[in-house]
Amino acid sequence: MFISKKGQGSIEIIIGIFFLIFFLYVFNIIAQDTVKTIEVNKIKEQEQEIVLSLSSFLYAGSNIYDDNKFNILDLNMTYKVPQINIASSKLSCIIVVQNLSIIAITRYNNQNISYLIPTQTPNTYYTPIIASCGSELVCVTDNNKIRCE
Amino acid sequence: MLNKRSKGQLMVLDVAFTIVLIILLFFFLFRWTEMKTYESISQRKQIELNYVSQNVFFSLTNNHSINCYASDNNNQFLITSCFSSNSPISRVNIGLPADYDCNFSIDGFNLTNNTACSSTFDSASNNNYSIIKFNVITTTNNNLLVRKSNYLNNILDKSSSLVSREATLVIWK
């Protein structure tokens, strides 16, 4: 079969364009997945910090409350739940404290990214405690227990 | 001087090298991301262990349910890091998560009510653990109540039934 030099050149250009489009497509997918992996890790790191610091806060509060039982004082303490940020945006998240666990859930790309620590919440607290990121959690004494809202 | 055919071959080689370089860059990107992810997960485990250890240590040494207290006619005062043989050490008292284990012991002193922190620790099979050694005082009373005069004698280095000892807390996942 005879193909003219001009025709051969056109076929080479088409193959070149095809490869270019293919590379851009594959590179785009890989770049998106890489960014996603890094951002999910960043979210998990921030969730962990929030959950662990909240756990410390609740335990410290429980001990202070015991002190108050001894010295008959009122308790009023506040914890500001930090925001979860990634380079591209601020994300909405929620923290749920239950009897046997503390969990942080963040909405990211229509998926829930969560971090859970299976720690027993002191029985001086009313559970569940629910707080959203960026809000203030205020804990006060109420009928010989602590209520956080 | 190169003829048209040779020029064409060189251009094809250039394109081939570029493609190989791009593929190598992809692999480099994969490896870098994998390494960063692994590093981040390792760091998260370490941070969690540190937090849990500090929290358990604080709850173990500043806790009205576990530590002794001195009383006079009006008030009761918590004596931090003071243990009786009957101090109730449970997971909920010290804030130890379900997926962690711990061992708490006091040299020359037996804790009879230690249900949460009495697992056997083997350093050979655990890479990620935290050990805290600290001084405590112990009372021979079965309950947590200590007479104020007794506590003051201990502070003033006078004869007292409270004894200073070394304690070890090991926490691992």
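In strand E2 of chain B, the bridge partner of B:Ser71 is B:Gln76. The model in which this pairing appears is a predicted one, and the pairing offers a convenient point of entry. B:Gln76 belongs to strand E2 (76–84) of chain B, while B:Ser71 lies in strand E1, which covers residues 67–71 of that chain. Between E1(B) and E2(B) there are four bridges, and the two strands run antiparallel. They form a hairpin, with four residues between them.

B:Ser71 also has a partner in another strand. In E5(B), its bridge partner is B:Arg147. A further pair links these strands, since B:Ala70 has B:Val146 as its bridge partner in E5(B). E1(B) and E5(B) pair over three bridges, here in the parallel sense. In general, the strands of a sheet pair through backbone hydrogen bonds, and they may do so either parallel or antiparallel.

These pairings are part of a wider arrangement. Chain B has an open sheet of six strands, in the order E3-E6-E4-E2-E1-E5, and its pairing is mixed. Strand E3 (101–106) and strand E5 (145–147) of chain B stand at the edges of the sheet; each has a single partner strand, so one side of each is left without a neighbour there. On average, neighbouring strands of this sheet are turned by 35 degrees against each other, direction being ignored.

A helix accompanies the sheet. Helix H3 of chain B, residues 148–155, lies across E1, E2, strand E4 (129–139) and E5 of this chain. Its direction makes an angle of about 70 degrees with that of E5(B).

The whole of chain B may now be considered. Its secondary structure comes to three helices and six strands, and along the sequence these follow the pattern α-β-β-α-β-β-β-α-β. The radius of gyration of chain B is 30 Å, whereas the globule rule gives 16 Å for 173 residues; the chain is therefore more spread out than a compact globule. Along the principal axes, the C-alpha atoms of chain B fill a box of roughly 110 × 30 × 25 Å. Of the 173 residues in chain B, 25% are buried. Among contacts in this chain with a separation of 6 or more, 69% join residues 24 or more positions apart.

Which residues touch the most other members of the largest nonpolar core? In this core of 29 residues, they are B:Val56, B:Ile89, B:Cys102, B:Phe104, B:Leu169 and B:Ile171. Helix H1 (4–61), E1, E2, E3, E4 and strand E6 (163–172) of chain B each give two or more residues to the core. The greatest contribution, five residues, comes from E6(B). B:Cys102 illustrates the contacts made by one of the core residues: leaving aside residues up to four places away in sequence, those it touches include B:Val56, B:Leu169 and B:Ile171. B:Leu96, B:Ala116, B:Cys117, B:Ser119 and B:Val170 are also among the residues that B:Cys102 touches.

Attention now passes to the other chain. The contact between the chains takes 25 residues from chain B and 24 residues from chain A. On the side of chain B that touches chain A, H1, E2 and helix H2 (91–94) of chain B each supply at least two residues. H1(B) provides the largest share of that side, with 13 residues. By character, the residues of this side of chain B comprise nine nonpolar, eleven polar and five charged.

Chain A has an open sheet of three strands in the order E1-E8-E9, with antiparallel pairing. At its edges stand strand E1 (76–80) and strand E9 (145–148) of chain A, each with a single partner strand, so one side of each has no neighbour in the sheet. The twist from one strand to the next averages 25 degrees. E1(A) is joined by five bridges to strand E8 of chain A, residues 136–142, and these two strands run antiparallel. Within E8(A), A:Val138 stands opposite A:Thr78.

A final residue shows another part of chain A. A:Ile13 has its place in helix H1 of chain A, which spans residues 5–71. Is A:Ile13 buried or exposed? It counts as exposed, because it has 10 C-beta neighbours inside 10 Å, and the cut-off for an exposed residue is 12 or fewer. A:Ile13 and A:Ile130 are 117 residues apart along the chain, and their C-alpha atoms are separated by 61 Å.

How values were computed: Residues are numbered from 1 along each chain as its sequence is written. Chains are lettered from A and ligands numbered from 1 in the order in which they are written. This is a predicted model: local features need pLDDT of at least 70, side-chain atom pairs count only at pLDDT 80 or more; totals for chains, interfaces and linings use all residues. Two strands pair if DSSP finds at least two bridges between them. Axes are lines fitted to C-alpha atoms, for helices over the stretch in contact, and angles run from 0 to 180 degrees between N-to-C directions. Two residues are in contact if their C-beta atoms, placed from the backbone, lie within 7 Å. A nonpolar core is a set of buried Ala, Val, Leu, Ile, Met, Phe, Trp, Tyr and Cys residues joined through C-beta atoms within 7 Å. A residue is buried if 20 or more other C-beta atoms lie within 10 Å of its own, exposed if 12 or fewer, and partly exposed in between; C-beta atoms are placed from the backbone. Ala, Val, Leu, Ile, Met, Phe, Trp, Tyr, Cys and Pro count as nonpolar, Asp, Glu, Lys and Arg as charged, and the others, Gly among them, as polar. The radius of gyration is taken over C-alpha atoms; the globule rule is 2.2 Å times the number of residues to the power 0.38.
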